[in-house]
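Good morning, and thank you for coming. I would like to take you through one protein model, beginning with the chain as a whole and then turning to its pockets and cavities.

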Amino acid sequence: MVKEFIHNMSLQVGTSGYEESVSRFVRGEFEKYCDEVSVDEYFNVTGIMRGDKWGTCQEGKKYPRIMICAHMDEIAMMVKEIDDDGFIRVSTVGGFDMRLLPGLEVVVHGKEAINGIMAAKPNHVQDDNEKGKALGTNSLFIDTGLSAQRVKDLVSIGDIVTYNSEMGELKNGLLFGKAMDDRAGIAILIATMLELKRFHFGAEVSFVATVQEEVGTKGAQMVSYRIQPDIGVAIDVTHGASPDAPAPGTIPMDKGICMAFGPNMHPTLFNRLKSVADEYAIPYATELCKGPTGTDARSIQISREGIPTLLLEIPLRYMHTPVEVISLDAVKKAGRLLANFIADMKEDWEQWTTF
């Protein structure tokens, strides 16, 4: 079920600032498991699950309100020019490694979806100053094969361009595709919902698929201010180890979910999460984040008067490429960890949010 969700999720188009379509898909999935689901003006999707013990505390006590976020937006390109021959020039939305773009298959989302390729002047006819260098967007163009007039009929300035990359499978439970950053995080939200169905618990949990993370964690700012949770958890990706990027600085793919620690995260709550993982024999790695992270966690932490915040990361290889690789097993174990963490929040939970 989780793998099927990741596949379907990876097909959705949801560039930062243009998340309406992917938001609609996520809402439909959240409605299968949550007590109530809402979508705000910027297409953040919030699904609420209330434990069967919610509202049953002794006088003067309460169960926590927990918010768990993962972002659903993806990096993409945007049409900025159509030349007289029908070739399309683009700008980027989010962070790209320009070395990877020439030769990639893309989809231009105009009045209809149009397949194209990212192209550039071949090496054979480059001058000496051009050879061996990464090309900027001004040196790249999209070739759709259509006539100039047909392109201009179908495509407008500002239309979105995404990778043309469907999810595939490697050995040992590894999945690859576009936008695993952070559609894998949304899958962890679904996995947690499925696990929570087995538990008696007291918390009210807001599962949030956020927007515009890739351009400054803006969706997390909006929902944190509105929901005002007692505890916030951000889910995102971190760099998975590969032959040319070994540890330190990366996380082995077989270590399970990764817990980030540092000044952006609440230390007592972090220790509590580790103790839950140890108690239930759920494997994990840890990662030091010595400054503000580039994730939703940084916006959650400083919302209003401050929210005790955690950051869970799934190791991912080849970030911001069409072939981002994640472990399905890590997604499922993250769901189990979060469900146990939520279920273990009793009436004395406030001890974990103080120093």
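**Overall form of the chain**

For 355 residues, a compact globule would have a radius of gyration near 20 Å, and the 22 Å of this protein chain agrees with that. Please bear in mind that what you see is a predicted model. Along its principal axes, the C-alpha trace spans about 75 × 40 × 35 Å.

The protein chain contains 8 helices and 17 strands. Of its 355 residues, 55% are buried. If we take the contacts with a separation of 6 or more, 76% of them join residues 24 or more positions apart. As for the outside, the accessible surface comes to about 15,700 Å², and carbon and sulfur atoms account for 49% of it.

**The two leading pockets**

I turn now to the pockets. The largest pocket has a volume of about 300 Å³. Its lining is made up of 16 residues, and those nearest the centre are His239, Arg317, Tyr318, Met319 and Thr321. By class, this lining holds 6 nonpolar, 6 polar and 4 charged residues.

The second largest pocket has a volume of about 220 Å³. It is lined by 16 residues, of which Val237, Gly294, Thr295, Glu313 and Met319 are the closest to its centre. Met319 therefore deserves a second look on your screens, being listed among the residues nearest the centre of the largest pocket and among those closest to the centre of the second largest, where a pocket's lining residues are those with an atom within 4 Å of one of its points.

Which strand gives the largest share of the lining of the second largest pocket? That strand is β13, with 4 residues. Both β13, residues 231-239, and β16, residues 309-316, supply at least two residues of this lining. Its composition by class is 4 nonpolar, 6 polar and 6 charged residues.

**The enclosed cavities**

Next come the cavities. How many cavities of 30 Å³ or more are counted? The count is 2.

The largest cavity holds about 60 Å³ of space. Its lining consists of Glu74, Ile75, Tyr163, Lys178, Ala179, Asp181, Glu214, His320, Thr321 and Glu324. These residues divide into 3 nonpolar, 2 polar and 5 charged. Thr321, one of the residues of this lining, was also named among those nearest the centre of the largest pocket.

The second largest cavity has a volume of about 30 Å³. Around it stand Lys53, Tyr63, His200, Phe201, Gly202, Ala343, Met345 and Lys346. This lining has 4 nonpolar, 2 polar and 2 charged residues.

**Lys53 in its surroundings**

I shall close with one residue of that last lining, Lys53. Lys53 sits in the loop between β2, residues 45-50, and β3, residues 65-71. Is Lys53 buried, partly exposed or exposed? Its relative accessible area is 32%, so Lys53 is partly exposed.

Setting aside neighbours within four places in sequence, Lys53 is in contact with Tyr63, His200, Phe201 and Gly202. Those four contact partners also appear in the lining of the second largest cavity. Between Lys53 and Ala148, by contrast, the C-alpha to C-alpha distance is 63 Å, with 95 residues separating them in sequence.

Thank you for your attention.

Technical notes. Residues are numbered from 1 along each chain as its sequence is written. This is a predicted model: local features need pLDDT of at least 70, side-chain atom pairs count only at pLDDT 80 or more; totals for chains, interfaces and linings use all residues. Side-chain values use heavy atoms; hydrogens and water are left out. On a 1 Å grid over the protein atoms alone, a cavity is a set of points where a 1.4 Å probe fits but cannot get out, and a pocket is an open set with protein on both sides within 12 Å along at least five of seven lines; lining residues have an atom within 4 Å of a point. Grid points are joined across faces, edges and corners, and a volume is the space filled by probe spheres set on the points. Ala, Val, Leu, Ile, Met, Phe, Trp, Tyr, Cys and Pro count as nonpolar, Asp, Glu, Lys and Arg as charged, and the others, Gly among them, as polar. The radius of gyration is taken over C-alpha atoms; the globule rule is 2.2 Å times the number of residues to the power 0.38. Buried means under 20% relative accessible area, exposed over 50%, partly exposed in between (1.4 Å probe, protein chains only). Contact means heavy atoms within 4.5 Å. Accessible areas come from the Shrake-Rupley method with a 1.4 Å probe; for residues, only the protein chains shown count as cover.
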